[in-house]
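Biologist: I am new to this structure. Please take one part and walk me through it closely, with its neighbours.

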Amino acid sequence: MNLLVVEDDTASREEMCRALRRHGHSVDTAHSGKQALEKYRSSDLVILSLDIGDLDGLKLCRDIRATCEIPVIALAARASEPDRVLGLRAGADDYMTRPCGTHELAARVEAVTRRTGSRLRGDRAISHGLLRIDPDAREVRWKQRLINVTRKEFDLLHLLASNPKTVFSRQEIMSEVWEEEYRKTSRTLDTHVNSLRSKLHDSNSIVTVRGIGFRLGHEPATTE
């Protein structure tokens, strides 16, 4: 699914994004209410912090609900019954109080999707030029040819393809794909990147951004 996380706290926003991407979702972010209003229409579901700083969270939720039926999960530090009622009456489909675990958040996303009858736009496969990645079948195809990849190679390629314009740092990739901290002496990441380049027969399929990390490569031609 295409999720939008609206959160002005950087650490909380990044933690939620990592967890949701590990569950196979494509995640965009907004660090303000104003930015959320510019982005929410292209999302399948919005995870909205009601404690956002620049706009009233309840009003923002009402504004989203007034224009579309995109499901909204509200997050707030306030846990009283009146606060939960206000959030739900503002249009939220679910209300979570902080602190909340990332596994529970992912489960709430699935539950809200089932309950609201939300549907993905087409299938969940990602196509980028001649590259196609199917997260349900866990298949990678290049020029329609099935490519044999390992589990971690698939997870790495899917992460980059889900956010093709994003440059991921080495630390982010190790955290999201391997769920561990990046060690500067480790060659694990470089080995997997080089293996994918070789299997795709394209040295530019994954681009090294010197001093930062990696991103998906240029979109190749659509004809062979």
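Modeller: Strands S3 and S4 run parallel, joined by four bridges. S4 covers residues 72–76. This is a predicted model. One pair shows the register: Leu 48 stands opposite Ala 74 in S4.

S3 has another partner. Strand S1, residues 2–6, pairs with S3 in the parallel sense, also over four bridges. There, Leu 4 has Val 46 of S3 as its bridge partner. Strands of a sheet pair through backbone hydrogen bonds, either parallel or antiparallel.

Now S3 itself. The strand spans residues 45–49, and five of its five residues are buried, so the rest of the structure largely encloses S3. Buried here means under 20% relative accessible area. Both faces of S3 are covered. Leu 45, Ile 47 and Ser 49 lie on one side. Val 46 and Leu 48 lie on the other.

Next, the connection from S3 to S4. Helix H3, residues 57–67, joins these two strands in a β-α-β unit. The unit is right-handed.

H3 carries a salt bridge. Lys 59 pairs with Asp 63, and their closest N and O atoms are 3.0 Å apart. The two residues are four residues apart in H3, so about one helical turn separates them. An α-helix has 3.6 residues a turn, so residues three or four places apart point the same way. How accessible are these two residues? Lys 59 is partly exposed, with a relative accessible area of 45%. Asp 63 is partly exposed too, at 28%.

Helix H5, residues 102–116, offers a parallel case. Glu 104 and Arg 108 are four residues apart in H5, about one helical turn. They form a salt bridge, with the closest N and O atoms 2.8 Å apart. Glu 104 counts as partly exposed at 35% relative accessibility. Arg 108 counts as partly exposed at 24%.

Other salt bridges lie elsewhere. The structure holds 14 of them. One links Glu 139 and Arg 141, with the closest N and O atoms 3.7 Å apart. There is also a network of salt bridges that links Glu 7, Asp 51, Arg 78, Asp 83 and Arg 98.

Finally, back to burial, this time in a helix. Helix H6 has ten of its twelve residues buried, so H6 is also largely enclosed by the rest of the structure. Among the buried ones are Phe 154, Leu 156, Leu 157 and His 158. Charged residues are on that list as well, including Lys 152 and Glu 153.

Definitions and conventions:
Residues are numbered from 1 along each chain as its sequence is written. This is a predicted model: local features need pLDDT of at least 70, side-chain atom pairs count only at pLDDT 80 or more; totals for chains, interfaces and linings use all residues. Side-chain values use heavy atoms; hydrogens and water are left out. Buried means under 20% relative accessible area, exposed over 50%, partly exposed in between (1.4 Å probe, protein chains only). Two strands pair if DSSP finds at least two bridges between them. A crossover is right-handed if, with the strands pointing away from the viewer, the path from the first strand over the helix to the second runs clockwise. A salt bridge is a side-chain nitrogen of Lys or Arg within 4 Å of a carboxyl oxygen of Asp or Glu.
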